[in-house]
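Hi everyone, thanks for having me. Let's take a look at this one together, one chain at a time.

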Amino acid sequence: MKQLSSRWVITILLVPVLLVFSILIAGLNKLPPAEASGGKGLVQVAFTGIVTTMPNQNFQSVSLNVMGVRFNESSDTTISDADPGWQTVAVSPGASAGSIFPSLSFGGNFGPNGNAVGVGSARTEMQIDVAQLQNNLAVFNIGKINAITYKQVELLLDPTNPGTVTPVCGSGTSTGEGCIPYPVQLAGGSSPRFPFDGGLLTVGRNATKIFPLAISVQVGASPATSSDQVVLTTNICPVITGTTTPPCTTFTAPNVAAVAAVVTGSIKGANNSAVVNAQLPGTGTIVSSATVDSTAAHNFTMVLPAGTYDFVAGSGPNHTIDAWSSVPVPQASPMVFTVKNTSTRPLSGTVADACTGKEISGATIQVYGPPTHIGVGGIAEDCSTAGTCPSDCDKFLSGLPPAGCVIIASSSTSDRGVYPFSPSGAGRNAFSTLPLKTLIGGVLPTTTTNYGLMGTASGFNGELLNLKDRSGILKCDGSGYKDNACSFSLQHGTLQVTADAGAPVSSTINVMLNAEDQGTFNGEGVQMFTIPAGQQVAANVPILVPIQGTPFTAQTPAAGAAADETGASLARAPTTTPTSTGTPVVIGGAATYDLFASVQDVFNKGPQKFSGHTIAVVSGAAAPATSCATVVVSDHLTPLTCVGHGSVSGAIAKTDQNTLLAISKAVTGGTPVFISSSLLPQTVGSISQNFAVCEPVDTYTISHYEAQPTGTPVLISASDPVPLASPTTIPNTAKNPCFGICSTGDTSTCLLCQPSTPLPPIP
Amino acid sequence: MPAKHTVAAYPVINTMTRAASIGVLRAAVALTLLATIGCGGFGTGNATQPGSTPDQSAQIVFRMVGNIGTPFFATISNSRSSWQIRGVVPLSIIIANGPLPVSNRIVATKLTNDTRLLSVEIISGFDVAEISSTFTNYGVVVGGIGSRLEALAPPAKPDARFFVKNANNGIFNAVVEDKTKAYVLQSQSPTMILYDSPNNNSPSGRVDGIFTEVSGGPLALDLSFNGHVVTAAGGGTVSIKVN
């Protein structure tokens, strides 16, 4: 038999494989001549939603797995999935809301519509919680589709796995386990379509259209056994503000106009690739994006939830960036951004562990730049006249960049601790094209801009560097690295804590350990550990945490701190002296931490989000005082006992986009430890239920917090301690199959969780 | 009698033994034909009768998606090995150690205090078998495929990882192999390929890979071994090895 090397095999194999793929790709991208002649336009799709349940049904979540939204110029809802007329706005490769990945440029795709599936790696889907869409709006994606009039839209759900629902214990007539996800079955068996002969959507060449889509989900009967499916009746209606509004006959669409804003404007001096991003203030989290059209004015349009945002407009290499700070929308008049030609430079560096010198992957790097406009009294004022804007962002007297500075670029580190790494993509990333100057009053100044550069990573103290132009090269003075390279050496300490299950465990358990600032739900570190079968204790489990310092007050490097390019010897002693010039500024950590440990349980075949074991907590563990120090926590995390699921439902009377629900557990002799926090659906009017809590059976306090995106959450009210009802034990023959959250395989009995009395409304 | 092949059993990951490379060639040709048949391009049937090449299990990918740049800490396990991974969205993670254990499991924690989305999609072949999402501070996502995996396995040792990245989320083909077996796969950058138990767990055995760009620009690769990046390379076609 002839021996062939595997390399040779692959080499010759690639030729036919690539040939096949090239034929496929070429064929799919080829448009019918009539359509191609009309060109393409952009559609930004957003979702709003409504959930209807049967009496006494309560669900922790109702989720749909969305592959895309597609349009057809035919109003015939029986046309085939393979009809060539479908034009799809697909989920972006990262599945992030708001990011721009025109669906037809997602190279190397094939699938039912020619643009929804990545070769060899299946399609990307976005899982949406429909409950969270109530009186709210979530931007889905922007797609480039043929510039024609469409008469039909389809919400394209995963045909084999369209979604999940997680009921609370004993929801309605359910006799299945609660707090676990159940697969759903679509009533009618297919994704919902909506036809409108009057012309649903007309896309103009090189123009952007907004398309909010309302999704109605009616939840069918609760599961009778733990292996049932739940039937969902799903309908859609477009929410269009144009002159012709399609009739929505199947349900009453939410009043999206009350919670959403359409932002229009232009970018002066831009090219055709210019982009505007709307970001949650001070976070760099993109909520919505828009590209400009190809007209001389370079107009743009985007939709986003009503609220306050930072806006960042850019036009790629050799252009300034125009950032607007904390601007509420909608604005009365179009937003006009301005960019001008200027020199741009790339920015890169590394992030390392100050104690070991080892690279840190997944660290976040953010560039803070000065705004040209700032929101004052609901209006975006020009900084050249408002006088309230920072001119530079490298003054860290408060321990952070000056108020008003905007995150104009955000990136991450690779597996080798090198940035920029993500977002991937060749363009629209200021790390490759950071301008040396920022416009002031629409004029290019003679001086260059000083930026703030922040590096953060879970388990480490964040660090700030000043970023300046030094003779045409971007430098970070005082970084400690050779030639003032913009690299970070992040400090940390270590907590060692012992976990005690309370008794030897019958089978191995895997436990997630979290550290958070004491008395908050501000996470700082995470670690996974194991207690092997037959053992009771996991001793001295290490978890990295920031070293203590007055939170968000500046610290300076110790005098004479040695430096090298690996960062191995850059550990710094903390001080609390703010500084306006010396960098790096180390962001101080909390003085004490709360710790909690949660067993990762399995139900039937599936790992579960909600544990069936008691969550063990420790309150107020002292933080390490110096870099690289280890503190042994005297209190033990105990017990980790199988108690089963519990749940309770209730309502917070008034909710908005900043409402948070926090669950805490009391600690004898300490402050309560928060074990979770979550956003709530934005309900309107008096309601009986807008949250459902699933946790291991125990006693908890449920609190209502209000938090601006960058502010400290404020406690509004809290419930009395809530004991969750204990599960019943059912024999293996009572249900088919019989599985329990703490069962290990096929057992003779298993736990079935029970409902708790609903809570009275929480103010 | 022709071998039975179905699109559902599309052998995106294929196992090769050097002593039976001709079988590999048959499987590879079958892969090409299946791609053709699956797309209805060149008719149907098993025209070349590739023999008795057995079906392989579908490629399983753990794809981390959500708001781009969201950092996470994930633990992935099958019944043989587990891996801890710290990364950012988006990232595809593939275990290359066929035949794959039937039980695979992931738990991942978002590492930020905000409402950014973190989702994990477990993809089997061309289907999303499971998806789990979180918006909460340090929220957790979990998933599993196959039969029940009671507990996470011990850490992989040796732990060989290929990290493939390029600028444009490009597609690539790859062969990763040790001294006895090789695996063919195709994925989208960025991807981390976990090579489980190479050379029967020998710490000194050779592990290598050949990567070819399909789209998206030149590849950049790192090969790490037991937690350390031991070699890096880049280009349109890249060979990379350790030991």
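Before I point at anything, a word on domains: the bounds I'll quote come from an automatic or database domain assignment. And please keep in mind that this is a predicted model.

Let's start with chain A. Its domain 1 covers 28-258, domain 2 covers 268-476, and domain 3 is made of two pieces, 493-548 + 589-752. Now look at where domain 1 and domain 3 of chain A touch: 17 residues from domain 1 and 22 residues from domain 3 take part in the contact. What kinds of residues does domain 1 of chain A bring to that contact with domain 3? We find 10 polar, 6 nonpolar and 1 charged.

Over to chain B, then. Here we have 17 strands and 1 helix. Of the 243 residues in chain B, 61% count as buried. If you take the contacts in chain B with a separation of 6 or more, 68% of them join residues 24 or more positions apart.

Now find the open sheet in chain B, where 8 strands run in the order S8-S7-S2-S5-S13-S10-S15-S16 with mixed pairing. Why do S8 (127-134) and S16 (228-235) of chain B each have one side without a neighbour in the sheet? They stand at the edges and each has a single partner strand, so there is nothing in the sheet on the other side. On average, and ignoring direction, neighbouring strands of this sheet are turned by 15 degrees against each other.

Let's zoom in on one edge. Strand S7 of chain B, residues 118-124, pairs with S8(B) in the antiparallel sense over 7 bridges. There you can spot B:Val120 opposite B:Ser132 of S8(B). Thanks for listening!

Key
Residues are numbered from 1 along each chain as its sequence is written. Chains are lettered from A and ligands numbered from 1 in the order in which they are written. This is a predicted model: local features need pLDDT of at least 70, side-chain atom pairs count only at pLDDT 80 or more; totals for chains, interfaces and linings use all residues. Two residues are in contact if their C-beta atoms, placed from the backbone, lie within 7 Å. Ala, Val, Leu, Ile, Met, Phe, Trp, Tyr, Cys and Pro count as nonpolar, Asp, Glu, Lys and Arg as charged, and the others, Gly among them, as polar. Two strands pair if DSSP finds at least two bridges between them. Helices (H or I, at least four residues) and strands (E, at least two) are DSSP runs, numbered from the N terminus. Axes are lines fitted to C-alpha atoms, for helices over the stretch in contact, and angles run from 0 to 180 degrees between N-to-C directions. A residue is buried if 20 or more other C-beta atoms lie within 10 Å of its own, exposed if 12 or fewer, and partly exposed in between; C-beta atoms are placed from the backbone.
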